[in-house]
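Colleague: I'm new to this one and would like a close look at a single part. Could you pick a good place to start and build outwards from there?

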Amino acid sequence: MSPEARAGGDLGVPTRTLVESLLREDATVDAGELYEVANILGMGDQQVRLCIKRLVAEGQFVQDGRGRKAVLRATPEVRSTIEPDLEFVRYMYAQDRGQADWDGEWHVVAFAIGESARSARDAMRDAVVRLGGAAIQGGLYVSPNAWEPHVRAAADRLGVTDRVTILTTAELDVGGVTEPRVLADALWPLDRIAEGHRRLLATADRSARALPGAPRAIRLGVAIELAAEFTRAVEPDPLLPPQLLPQPWIGTAARAAVADCWSDLLRDDQHEPLNLFRWYGDVIAEVAGIDCAR
């Protein structure tokens, strides 16, 4: 597949991501297929061999056999950590379809964790930011989404529940700013988030052009690049409701284009026994209302 035909080929897919993306439902990776798809994505054999060696040394995979005839077997730790959070993918598409309107409530989390528990404090901050929280001031974060169960779970996991305060309010004043859309523009880096979705839309457009009539290995390469760019775009996205975003919002168009590509991928006559297709394809088909019968 030429660089022009590849979906997002200039962006690059980490070799580890490639290996994890080719994990089949029986927790194995076919090394022959791994090398073939890696070559399509512009990776050399030596790059793949070194990645496999690292993954085995780290205890992430066990290798049976050698070279392209080998089979990699994922350990339980890998299987439990690489699956994307499909709950948030479902919510994202529900927002795009107008099925998760904002009720006007702001959800606020505050925590005061001392220097003696610095690692827990940093981990709590990271968890809140991953959930889409924006910092108002030190230890005080806000989101328009009902994130309380996830925040409580993070606090409980880190052993800081007694140092966390959770509240909701219909009135939020930050530095004299109260208008919700102006607040959202001030609190979240919407320009950077939009740029990530522009790249995702461009990747989806290239994917759509590369897929018709493509053989399995190329389709796998397209799917992996598309999934990698999807992850890059949505991980920093706080999933703000449409009422707080510029309209039309590029994220809605980008995610719709991704869903169309997965529809094409899943209509292939050959069943794809990869977790990648189960993770992304099925949930996108479910929430976007796409007929992806295989």
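Modeller: Let's begin with how the chain folds back on itself: of the contacts between residues at least 6 apart in sequence, 74% join residues at least 24 apart, where contact means heavy atoms within 4.5 Å. What you're looking at is a predicted model, in which local features need pLDDT of at least 70 and side-chain atom pairs count only at pLDDT 80 or more, while totals for chains, interfaces and linings use all residues. Residues are numbered from 1 along each chain as its sequence is written, and side-chain values use heavy atoms, with hydrogens and water left out.

The protein has 12 helices and seven strands; these are DSSP runs numbered from the N terminus, with helices being H or I of at least four residues and strands being E of at least two. Of its 294 residues, 48% are buried. Buried means under 20% relative accessible area, exposed over 50% and partly exposed in between, with a 1.4 Å probe and protein chains only.

The part I'd pick is strand 3, residues 71–74. Leu72 and Ala74 make up its covered face, while Val71 and Arg73 are on the uncovered one. That fits a general pattern: in a regular strand, side chains alternate between the two faces of the sheet.

Strand 3 has partners to follow. Strand 1 pairs with strand 3 in the antiparallel sense, over three bridges, and strand 2 (residues 61–64) does so over four. (Two strands pair if DSSP finds at least two bridges between them.) Arg73 is a handy landmark here: Thr28 stands opposite Arg73, and Arg73 is also the bridge partner of Val62. Strands 2 and 3 form a hairpin with six residues between the strands, and in this hairpin Gly65 takes a positive phi near 90°.

Now step back along the chain to the loop between helix 1 (15–21) and strand 1 (28–30), which holds Ala27. Ala27 has a positive phi of about 70°, though it isn't a glycine. That's worth a pause, because most residues other than glycine have a negative phi. Ala27 is also buried, at 9% relative accessible area.

From the covered face of strand 3, follow Leu72 inwards. Leu34 touches Leu72, as well as Leu18, Val19, Leu22, Val29, Val48 and Ile52, leaving out residues up to four places away in sequence. Leu34 also belongs to the largest nonpolar core, which has 60 residues; Leu34 is listed among those with the most contacts inside it, along with Leu18, Leu22, Phe61, Phe230, Trp262 and Phe277. Such a core is a set of buried Ala, Val, Leu, Ile, Met, Phe, Trp, Tyr and Cys residues joined through side-chain atoms within 4.5 Å. Helix 10 (residues 216–234) gives the largest share of this core, 12 residues. Apart from this core lies another, of 18 residues, among them Trp106, Ala184, Trp188 and Leu240.

Helix 10 leads us further out. Arg219 sits in helix 10 and is buried, at 7% relative accessibility. A polar atom of the Arg219 side chain lies 3.2 Å from the backbone oxygen of Leu211.

After helix 10 comes the loop to helix 11, where you'll find Leu239. Leu239 is another non-glycine residue with a positive phi, near 55°, and at 7% relative accessibility Leu239 counts as buried. Pro248 is in that loop too, and the peptide bond from Gln247 to Pro248 is cis, with omega near 0°.

Leu239 then takes us to Tyr91, in helix 5 (residues 86–96). Tyr91 and Leu239 are 148 residues apart in sequence, but their C-alpha atoms are 8.4 Å apart in space. Beyond its neighbours within four places in sequence, Tyr91 is in contact with Ala100, Asn145 and Leu239. Tyr91 is partly exposed, at 30% relative accessibility.

One last stop, Trp106 from that other core. Trp102 and Trp106 form an edge-to-face aromatic pair, 5.1 Å centre to centre with 70° between the planes. (Rings of Phe, Tyr and Trp, using its six-membered ring, pair if their centres lie within 6.5 Å; planes under 30 degrees apart count as stacked, over 60 as edge-to-face and the rest as tilted.) Both Trp102 and Trp106 are buried.

Note on methods. A polar contact is a pair of N or O atoms within 3.5 Å; within protein, one must be able to donate a hydrogen and the other to accept it, and residues adjacent in sequence count only if both atoms are side-chain atoms.
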